[in-house]
Amino acid sequence: MKKVTYFFLLIIALFLCLSVPTFISINGFSLAEWQRDVWEWNYLGVSFNLLLFILLGSLTKSKVRELGLKLGRWKENLIWYSLISFSVLFLTKLADYFSKGILQFYVPSLSTILFQLFFVSISEELFWRGFVQKQFGFWYSSVGFGTIHFLGSLANGSTMTNAVSYGVFTFLLGLIFSWIRQKTESVYPSILLHGIFNISNYFLK
């Protein structure tokens, strides 16, 4: 019960941290809106994943290697990792095609490439697959990943139906990332797949 309570409090703390830029005003606009106008994305909000990873990792005196910052069993799992990565990318794009009837190629901005390919994937994977999975376990990292995206979707004005759908989808993605982290004993493979998956949604949509 104590573990569940700590996990619940962690979710609340992260959500509040991610929401900080919406509460700070600059010339009548929230900091989140200002960032989107200037850089297209809310860099400060997402950075709290990384900041909490560093803070909590230090407080729990976790070793860097225990948090997945090592090469691990990458080479031994390269074949199935490649197959899983291809399947995730192919099946999601196939689903997009059948839902929209068309897929078009776009060249996203440099800010989008940097944000989605590196900033989001590194900060989220270090927090969820690095710290949370090490401290709480496989299922907690996946459930938390889906929950925080569900809450974020609601906070951004999505309907309950869309927010639930997004939460379930990110939970399933979280399961894949968590399993990869567990099998390879490293966060680097999940960071790579997460980044490629994110940016693929802006090159093909």
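Is Lys93 buried or exposed? I looked this up before anything else, and Lys93 counts as buried, at 10% relative accessibility. My yardstick here is that buried means under 20% relative accessible area, exposed means over 50%, and partly exposed lies in between, with a 1.4 Å probe and protein chains only.

**Ground rules**

I am working with a predicted model, where local features need pLDDT of at least 70, side-chain atom pairs count only at pLDDT 80 or more, and totals for chains, interfaces and linings use all residues. I number residues from 1 along each chain as its sequence is written, and side-chain values use heavy atoms, with hydrogens and water left out.

**Entry: salt bridges**

I went on to charged pairs. Side chains of opposite charge can pair when their charged atoms come close. I call it a salt bridge when a side-chain nitrogen of Lys or Arg is within 4 Å of a carboxyl oxygen of Asp or Glu. By this rule I get 3 salt bridges.

Lys93 takes part in one of them, with Asp96, at 3.0 Å from N to O. I find both residues in helix H4, 3 residues apart, which is about one turn of the helix. My helices are DSSP runs (H or I, at least four residues), as strands are (E, at least two), and they are numbered from the N terminus.

Arg129 and Glu125 form another salt bridge, at 2.8 Å from N to O. They sit 4 residues apart in helix H5, so about one helical turn separates them. I note that both Arg129 and Glu125 are buried.

Lys134 pairs with Glu66, and their closest N and O atoms are 3.6 Å apart. Lys134 belongs to helix H5 (residues 110-135) and Glu66 to the loop between H3 and H4, so this salt bridge ties together parts that are 68 residues apart in sequence. Lys134 counts as partly exposed at 33% relative accessibility, and Glu66 is partly exposed too, at 36%.

**Entry: H2 against H3**

Two packed helices are described by the angle between their axes and the distance between the axes. I checked helix H2 (residues 31-39) against helix H3 (residues 43-59): their axes come within 8 Å and cross at roughly 105°. That makes H2 roughly perpendicular to H3. The axes are lines fitted to C-alpha atoms, for helices over the stretch in contact, and the angles run from 0 to 180 degrees between N-to-C directions. On that scale, under 35 degrees is roughly parallel, over 145 roughly antiparallel, 65 to 115 roughly perpendicular, and the rest oblique.

Which residues meet here? From H2 I list Leu31, Gln35 and Trp39, and from H3 Tyr43, Leu44 and Gly45. Contact means heavy atoms within 4.5 Å.

**Entry: Asn42**

I then looked at the loop between H2 and H3, where Asn42 is found. Asn42 is buried, with a relative accessible area of 11%. Leaving aside neighbours within four places in sequence, I find Asn42 in contact with Leu18, Pro21, Ala32, Gln35, Arg36 and Phe115.

**Entry: Gln133**

Gln133 lies in helix H5 and is buried, with a relative accessible area of 11%. Not counting residues up to four places away in sequence, I see Gln133 touching Trp128, Phe138, Ser141, Ser178, Arg181 and Gln182.

**Entry: Phe15**

Phe15 is in helix H1 (residues 2-23) and counts as partly exposed, at 24% relative accessibility. Outside its neighbours within four places in sequence, Phe15 has contacts with Ile148, Leu151, Gly152 and Ala155. I also noted Phe48, which is 33 residues from Phe15 in sequence and 9.4 Å away in space, C-alpha to C-alpha.

**Entry: positive phi**

Where does Lys61 lie? I found Lys61 in the loop between H3 and H4, with phi near 55°, a positive value in a residue other than glycine. Lys61 counts as exposed, at 74% relative accessibility.

Glu185 is not a glycine either, and its phi is positive at about 60°. I place Glu185 in the loop between helix H7 (160-184) and helix H8 (188-203), and Glu185 is partly exposed, with a relative accessible area of 33%.

**Entry: a nonpolar patch**

My last stop was the surface, where Phe86, Phe90, Leu91, Leu94, Tyr97 and Phe98 make a nonpolar patch of about 670 Å². Patches are made of residues with over 30% relative accessible area and no salt bridge, joining like charges within 9 Å and nonpolar side chains (Val, Leu, Ile, Met, Phe, Trp, Tyr) within 5 Å. The areas come from the Shrake-Rupley method with a 1.4 Å probe, and for residues only the protein chains shown count as cover. Phe98 has its place in helix H4 (residues 78-100) and counts as exposed, at 64% relative accessibility.
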